[in-house]
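Good morning, and thank you for the opportunity to speak. I shall present one protein chain and describe some of its residues in turn.

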Amino acid sequence: MGQLSFEDDCLIRELDSRYYGFLDLSNSKNAEIRTLVQQTITNLQNYIANGQVHDSKNFSDNKNAIQKFEPLTQEGEHMENTSSQNNDETKPYDTNANEKVSTIDEKLHDDHYVNALCKLGHLHLLLGEYSEALSAYQKYLRFRENNYWTNHAFIYGIGVAYFKLRCFKWAIKSFQELLYLSPNFTCANEVHLRLGLMLKHCGEFHVAQKHLQLALLYTYPSTYSELQVKFQIAHLYEVQNKHKAAKDGYEFLLNEKNISLELKADVYRQLGWMYHCVECLGEKKEREANALNFLQKSIEADPKSGQSLYLLGRCYAGINKVHDAFLAYRNSVEKSEGNADTWCSIGVLYQQQNQPTDALQAYICAVQLDKDHKAAWTNLGILYESCGQLRDAYACYLNATKQIIPGSSSLIRKKQAIRMKKDTIGLSKGLSQRITFLEGQLSQAPLPSITSKRRQLCSIEEAWNLPISLEMNSRQQQTAQMLPRQVTKQSPVQGPPPPYPHSQLSQSPIPAKRIKEDGTGHQEVTQNNSQTSAQNLINISESLNQRNFNAMPESNKNSEQSVVDTFDEISNDIYKQNETIKLERLSHDALSNNEDSRYDYIGADSADLSTTFKIQMDSKQLMAAVKLLPIDEPPVHCTVLQVNAPPPSPPDCPPQKLTQDQLLPPTPSVHLENKKNAFSPQLQEFCLKHPIAVVRGLAGALKLDLGLFSTKTLVEANPDHSVEVRTQVHQSPDENWDTSQGKRVWACISHRSHTTIAKYAQYQASSFQDSLKLILPQDESDKGFPGSQAMSDSDSKDSVSNSNIVLKRKKHKINSKMLRFGTNVDLSDEKKWKPQLTELQKLPAFARVISAANMLSHVGHVILGMNTVQLYMKVPGSRTPGHQENNNFCSININIGPGDCEWFAVPDAYWGGVHNLCEKNNISYLHGSWWPVLEDLYKENIPVYRFIQKPGDLVWVNAGCVHWVQSIGWCNNIAWNVGPLTARQYSLAIERYEWNKVQAFKSIVPMVHLSWNLARNIKVSDTKLFELIKMCLLQTLKNVLHIQEYVKSKGVEIRFNGRGKNEASHYCGQCEVEVFNVLFIKEQEKRHVVHCLSCALKLSPSLQGIVCLEEYRLSELQRVYDSFTLHRTQGLAYTQ
Ligand SMILES: [Zn+2]
């Protein structure tokens, strides 16, 4: 291996993941650099091979970290190219290595070796060798599990590698951490864009939009154009069914002068398809004309687009222009051969033309290209059924219903998967009916060998085993087209189905009108009309695709994919313009460091100055230390956690295996006899000791007048007061079904709207009246008081004992009806709700809305629903989906009655497990509405408390406890949050505060502002609590000082602004992080918007045009910081 020249050494030293996308090594102009990079890779590989003797140490300790980062193959994530390689890399190292006495030299050598792995990752990445890059990065991570987060180029690199390999879950995790650690990272705009694309792909539209908007803010060099991002934002609207906004977005782009042809083709394609699918865009005829027009324009703009041709075919088929449809499909196949959707649609067309053999081949092409193509499997089943081949039909339906099984490639594996319990796999309603029907038929049918009946189509196994390689060849197709058509046969058909109609096209076309969306009545289907039912199903599977993005729509999925891919292709062109500038800069830096080491270009870990900051410092020492920090770059990251803490992430569940009993623990509860009980310190201790507790009989013991919160009183007091409404499906409390798919799910429907107290009261009352009419005459034995138990005995759906069909059907009807839940009624206004709020002062201090012992009373301003009271108005089945309280504060909830509520709760130590299950179910833990499937929790060794809250009972939800609640009867509840002054509460609150930043979720408790107020207002004698608060003060004061130094170095003046009385704390108008003390104001659309430093820098790297304001004098902060000391007396120094 040759020694690098000085210049080459400097060049390689500079290269890391940040050049990805900016340095195009496939360009012949960069051939020299490419050779150099390749040579360096060889050198590094040799070096690493020789250095491996040092690497086995502590391997077992590192295993956990590795598992956290291994790209487990996820549903919907495609790892075809990489899985084998990755598996190799996950093998532990050779553990026979020599154990040597570690010397300083070796330590240095080892560091060097480990960093070489990272460099290797970077270089592979720049060459576009993503699997190799990932492999090297993962090895690096094993050695750096305790400080990888100081290496931002590494996190960026591994994130890009995951992204390119479509391991989105891991790419998202890496990128989120990177933005948390370094919001000003050189490629932060690239990170925001990719996060936006991936989160859109995962259905997390709200956060996706936030990231795409942030990507637009930057003035940094980028690999994408502003218009491309705006296209993505418009597409984001489209997938959320916000058609008007999407249409406006697309049309805006078409009016831009400098739009590229490719982007234009994309815009036309999306617009065309929207016109085809979306009814609200006008009258059908007009829409279809627009759709064809736009799709043709798309094809004109980009004649290579197979996708647009395919959609054009769909439009033609939709208006029954069969010939044109076939033409378009054929062209599409020629442009993009491996498209399962196109083959599926070709099959539909053939089937409609009564060409079953051709249809069969087309579907087979589709399912061979995409083994999980639900629509193709369904249609194939229908085809077989229409030809009387029930066994084949049955197999196909089962394949259509199976969930994607990683690694399953053979039909046999599929058939095994099929035997899973039907309710655990995704059966759509029509399919499950067909399957049940066929099961019945097949159980009575004679064995196939006995039947002498000739089969019309070859069996699924035979069809599957036809060679496919040639079939995708379009010339072959044209040849096949000329062959005489084989109508009925047992011998397999050679060659592909020509994507072209046969001569008898006009013979018996089935009018599209006859295809209706009527999914009912399948049970009665016999062989005679099975063709009709078949058409129904085709229509269902196609129309679903058009409307429902979340249900794996073939078209959207693919346009999505092509959108991602296009982005990468186009961006390469732009890179080329930047590369010269960047590389020139390299040679400037070259002079700075000339050490005589052959591998010096590998680079060393950056020294971390922040370790010098300790809470023992006084403010003067702190200021002196800040002066030593570099100010050429903006301050990286403000955390309120410990110095050098890793980025927060959900914790593993406690490892202890729980018994059946422990999984269903009894709920801690206490019954109050009198007022004295309620005010005893033991009650507070009891509550603080348990994850959740129910205090029974509280209202009685305190003589609380709950009637003040009854619907009647509320209507009398403020009839026009606003109520937020959630529309939900009524279900049994321990179950959550996706009715359209007929399976248990976590995602919980909860649509939002608004009404008034008076109107909701009317609804609540009439729902109660209706229930009396419905239930009492029907089932006299159901004598329970309608306000409490009448609806709670919901039949578990497979109940065999219930032979009363009439009753069961009625009940079923009730259970699947929609209900409206009146939630988040704001009772903060002291004038409007004086009697109610006064009544609540009877509560013991620890449970009161406002008290000196409640952290939330020290915020100094209102946080609606947290330090004010909220009211909930319920009918049976009203659901508060699973959640932890905002920033992990405790909560108080009192049931007003008359009905009961059922509670489910998981101790806070297990929240990481619940989070992971949400992720598995593709639902956002923080943003989504979810209702846990209890069995899933038990399987993961997660315990669940379950109990009934009766009228007058108070539920205490301790810090961090995950809970979900459903009303059994008609009732109202009141609730608010409290923050006991304990180290546990404070640490859980700031941990969540930091994790929210990682997740781009707004913390509605401004923890920094609150911490400074706590330091002013209270004396703390608990050492742990003191240290935590002091650490927050230290970190924020350091950050404030550092920001001020940086701002001054930019020549920007900081103006003192002060704070108004009760002024709310500030959040960044862009990224929603809390902004403390130094505010960056920019006028946007005639409003003065507060920004954090990072977002201000995105808008204006020089900070020109931005006003910098200060909320507190530095002397004031110093005084508070210095005088906040551990209070050495017994007990906490506040009064209750
Ligand atoms: Zn911001």
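I begin with the chain as a whole and then turn to individual residues.

This is a predicted model, in which local features need pLDDT of at least 70, side-chain atom pairs count only at pLDDT 80 or more, and totals for chains, interfaces and linings use all residues. Residues are numbered from 1 along each chain as its sequence is written, and side-chain values use heavy atoms, with hydrogens and water left out.

The protein chain contains 42 helices and 21 strands. Helices (H or I, at least four residues) and strands (E, at least two) are DSSP runs, numbered from the N terminus. There are 1136 residues in the protein chain, and 56% of them count as buried. Buried means under 20% relative accessible area, exposed means over 50%, and partly exposed lies in between, with a 1.4 Å probe and protein chains only.

The surface that the protein chain exposes is about 50200 Å², of which carbon and sulfur atoms supply 51%. Accessible areas come from the Shrake-Rupley method with a 1.4 Å probe, and for residues only the protein chains shown count as cover. As for contacts (heavy atoms within 4.5 Å), consider those in the protein chain with a separation of 6 or more: 78% of them join residues 24 or more positions apart.

Next, the annotated repeats. An unreviewed UniProt entry carries the annotation "repeat: TPR" for residues 114-147, 152-185 and 340-373. UniProt positions are given in the numbering used here, feature names are shortened, and annotations may be inferred rather than shown by experiment. In the model, residues 114-147 are 79% helix and 0% strand, with end C-alpha atoms 12 Å apart. Residues 152-185 are 79% helix and 0% strand, and here the end C-alpha atoms lie 8 Å apart.

I turn now to aromatic rings. How many aromatic pairs does the structure hold? It holds 29 aromatic pairs. One of them joins Tyr162 and Trp170, a tilted pair with 6.3 Å from centre to centre and 35° between the planes. By definition, rings of Phe, Tyr and Trp (its six-membered ring) pair if their centres lie within 6.5 Å; planes under 30 degrees apart count as stacked, over 60 as edge-to-face and the rest as tilted. Tyr162 counts as buried because its relative accessible area is 0%, and Trp170 counts as buried because its relative accessibility is 5%.

Phe821 and Tyr872 form another tilted aromatic pair, at 6.4 Å centre to centre and 35° between the planes. This pair links distant parts of the chain: Phe821 belongs to strand β7 (residues 818-826) and Tyr872 to strand β8 (residues 870-874), 51 residues apart. Phe821 and Tyr872 are both buried. In addition, Tyr137, Tyr140, Tyr148, Trp149 and Phe154 form one aromatic cluster.

Rings also meet charged side chains. The charged end of Lys1002 is placed over the ring of Tyr1067, 4.3 Å from its centre. Arg1113 lies over the face of Phe1056, 3.7 Å from the ring centre. The criterion is that NZ of Lys or CZ of Arg is within 6 Å of the ring centre and within 35 degrees of the ring normal.

Let us look at Gln966, which is in strand β14 (residues 962-967). Is Gln966 buried or exposed? Gln966 is buried, because its relative accessible area is 1%. The side chain of Gln966 reaches the backbone oxygen of Gln731 at 2.8 Å. Not counting residues up to four places away in sequence, Gln966 touches several residues, among them His730, Gln731, Cys901 and Trp931.

Finally, the backbone. Most residues other than glycine have a negative phi, and most peptide bonds are trans. The peptide bond from Gly897 to Pro898, however, is cis, with omega near 5°, and Pro898 lies in strand β10 (residues 890-898).

Lys703 has a positive phi, near 55°, and is found in the loop between α31 (698-702) and α32 (711-717). Asn887 also has a positive phi, near 50°, and its place is in the loop between β9 (879-883) and β10. Which of these two is buried, and which is exposed? Lys703 counts as exposed because its relative accessibility is 67%, whereas Asn887 counts as buried because its relative accessibility is 2%.

Definitions and conventions
Polar contact = N/O pair within 3.5 Å; in protein donor to acceptor, adjacent residues only side chain to side chain.
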